[in-house]
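Here are some notes from one colleague to another, written to be read with the model open beside you. I have set them out as numbered points so that you can take them one at a time.

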Amino acid sequence: MSTTHKAHCLLLPYPLQGHINPMLQFSKRLQSKGVKITIAATKSLLKTMQELPISVSIEAISDGYDDGGIDQAKSFLAYITRFKEVGSDTLTQLIKKLENSECPVNCIVYDPFLPWAVEVAKDFGLVSAAFFTQNCVVDNIYYHVHKGILKLPPTQVDGEILIPGLSSTIESSDVPSFESSPQSDKLVEMLVNQFSNLEKVDWILINSFYELEKEVIDWMAKFYPIKTIGPTIPSMYLDKRLPNDKEYGLSLFKPMAKECLNWLNHQTISSVVYVSFGSMAKLEAEQMEELAWGLKNSNKNFLWVVRSTEESNLPKNFIEELKLASENKGLVVSWCPQLQVLEHKSIGCFLTHCGWNSTLEAISLGVPMVTMPQWSDQPTNAKLVQDVWEMGVRAKQDDKGIVRREIIEESIKLVMEEEKGKVIRKNAKKWKEFSRNAVDEGGSSDKNIEEFVSNLMTIS
């Protein structure tokens, strides 16, 4: 063993940016405590990266589709089936290769979307840790689907659903949603299969923090060795104990950082609505038009991230008219440095799809939210934001599944102008403080990470 490192974690993320970044941030915490880190990334993912983290070692494995990843596969089922076969083999080869290093691997931290990694870990007698990138409430829902207690979509149409560990009932519109199709059925199956072999793992790590989800964490801890280790965002936005940790260090898109920040610097405090639907959500043209008019009619300045592939769905001449407007009301960009934007003093509200990473960033930086969830875990996250953590409102869809401009306008004004908005902003500040305390020295997540590292050091 190396005198520098007494433990070596091999991290296996699912190859999506929203899954990789939380695991990468966790690895920085481990690294600061003396653990050697190697990330096993698919060859197809490495080809698409705009930037790569320089602080950790990166090794390539194969998902069986080295030229295009899931886009190269004929179907989602074909992708995950091939990934299991080829991924298991190439991960095994990588572990054997690293056995010859001065600090061999003694732990695999894997994304539960890839449950086969547990078997590879057991073949080598390694510690295994499942790293869940969803929050604990969503994990609890998938657990109940896995046990056959709940179905997705739920059969109780428009009814209330009571799930153990949750303090309140939820509506059918609050549970994870997926379109009805063979592809979606396989996606739900993969989400549920995260629990297929958890009885074999040594640790279950959750990207959340205890104070945020006390009841459900306490309930699930009766069955599984759950430890919260979040929020997994760069340290300089939280406890500042990791010097220079200001960025995730990995991105699929090139941010227009200078343009965004220059524009924000010319706006007044808490005056801007920041709008982003993440790296995957796709809004149809009708919804884009309603959103555009809702933003304009709110009479608030806005910074709107519209990926280049979605720009054609904007109303005709929308961007040109914004550029010509003398009042400088809005800016549309293809991508932005989200953490720097959310931290900026001019931001008054975050209009978000409510993906968990974006939600957790807003919580950590104390930014009130207007939520427009699209699919997957986003409706559940939106429920928590509005009714449990009370730091935002959900802009409701109509019968066609569209959030109309009037609702968007009303929601923005509620958060930024009305009396209820004061309560929301107060709660946002409260959760910001809780999130920082969780990862700071002696905090709930910090203690869990210390325990994990101590265990690795002992067995090494």
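1. Asn 197 is a good place to begin in this predicted model. Its relative accessible area is 7%, which means that Asn 197 counts as buried, since the cut-off for that word is under 20%. Asn 197 belongs to the loop that runs between helix H6 (182–192) and strand S8 (203–206). What does Asn 197 touch, once its neighbours within four places in sequence are left aside? The contacts are Tyr 110, Pro 115, Val 118 and Glu 119.

2. Moving on to strand S8, please look at Ile 204, which lies in that strand. Buried or exposed? With a relative accessible area of 2%, Ile 204 is buried. Not counting residues up to four places away in sequence, Ile 204 touches Ala 130, Phe 132, Leu 198, Tyr 224, Pro 225, Ile 226 and Lys 227. As a distance to check on your screen, the C-alpha atoms of Ile 204 and Glu 410 are separated by 41 Å, with their positions 206 residues apart along the chain.

3. Helix H3 deserves a careful look. It covers residues 76–98, and its 23 residues should span 33 Å at 1.5 Å a residue; the C-alpha atoms at its two ends are 31 Å apart, so the two figures agree. H3 also has a kink of about 25°, centred on Gly 87. Gly 87 is itself among the buried residues of H3, along with Phe 76, Tyr 79, Phe 83, Val 86, Ser 88, Thr 90, Leu 91, Thr 92, Leu 94, Ile 95 and Leu 98.

4. Val 86 is part of helix H3, and its relative accessibility of 14% is why it counts as buried. Which residues does Val 86 touch, not counting those up to four places away in sequence? They are Ser 62, Asp 63 and Gly 64. The C-alpha atom of Tyr 65 is 9.3 Å from that of Val 86, and these two residues are 21 apart along the chain.

5. Lys 43 comes next, in helix H2 (residues 43–46). Its relative accessible area is 37%, so Lys 43 is partly exposed, a term that covers values between 20% and 50%. Leaving aside its neighbours within four places in sequence, Lys 43 is in contact with Ala 60, Ile 61 and Asp 66. For a longer view across the model, Lys 43 and Leu 291 are 37 Å apart, C-alpha to C-alpha, and 248 residues apart in sequence.

6. Some backbone details are worth checking by eye. The peptide bond from Gly 230 to Pro 231 is cis, with omega near 5°. Pro 231 sits in the loop between strand S9 (226–228) and helix H8 (257–265). Lys 240 is placed in the loop between S9 and H8 too, and although Lys 240 is not a glycine, it has a positive phi of about 60°.

7. Ser 376 is another residue other than glycine with a positive phi, in this case near 55°. Where is Ser 376 found? It is in the loop between S14 and helix H13 (378–388). Its relative accessibility is 15%, so Ser 376 counts as buried.

8. Helix H14 (residues 405–416) passes the length check. Its twelve residues should span 16 Å at 1.5 Å a residue, and the end C-alpha atoms are 17 Å apart, so the values agree. The buried residues in H14 are Ile 408, Ser 411, Ile 412, Leu 414, Val 415 and Met 416. These pack against strands S10 (272–276), S13 (347–352), S14 (369–371) and S15 (392–394), and against helices H9 (285–297) and H15 (419–439).

9. Lastly, the cavities. How many of 30 Å³ or more does the structure hold? There are four, and the largest has a volume of about 90 Å³. The lining of the largest cavity is made up of Phe 277, Gly 278, Ala 281, Leu 283, Met 288, Trp 304, Val 305, Val 306, Arg 307 and Glu 310. By residue type, this lining divides into seven nonpolar, one polar and two charged.

Notes: Residues are numbered from 1 along each chain as its sequence is written. This is a predicted model: local features need pLDDT of at least 70, side-chain atom pairs count only at pLDDT 80 or more; totals for chains, interfaces and linings use all residues. Side-chain values use heavy atoms; hydrogens and water are left out. On a 1 Å grid over the protein atoms alone, a cavity is a set of points where a 1.4 Å probe fits but cannot get out, and a pocket is an open set with protein on both sides within 12 Å along at least five of seven lines; lining residues have an atom within 4 Å of a point. Grid points are joined across faces, edges and corners, and a volume is the space filled by probe spheres set on the points. Ala, Val, Leu, Ile, Met, Phe, Trp, Tyr, Cys and Pro count as nonpolar, Asp, Glu, Lys and Arg as charged, and the others, Gly among them, as polar. Helices (H or I, at least four residues) and strands (E, at least two) are DSSP runs, numbered from the N terminus. The expected span of a helix is 1.5 Å times one less than its number of residues. The bend at a residue is the angle between axes fitted to the seven residues ending there and the seven starting there. Buried means under 20% relative accessible area, exposed over 50%, partly exposed in between (1.4 Å probe, protein chains only). Contact means heavy atoms within 4.5 Å.
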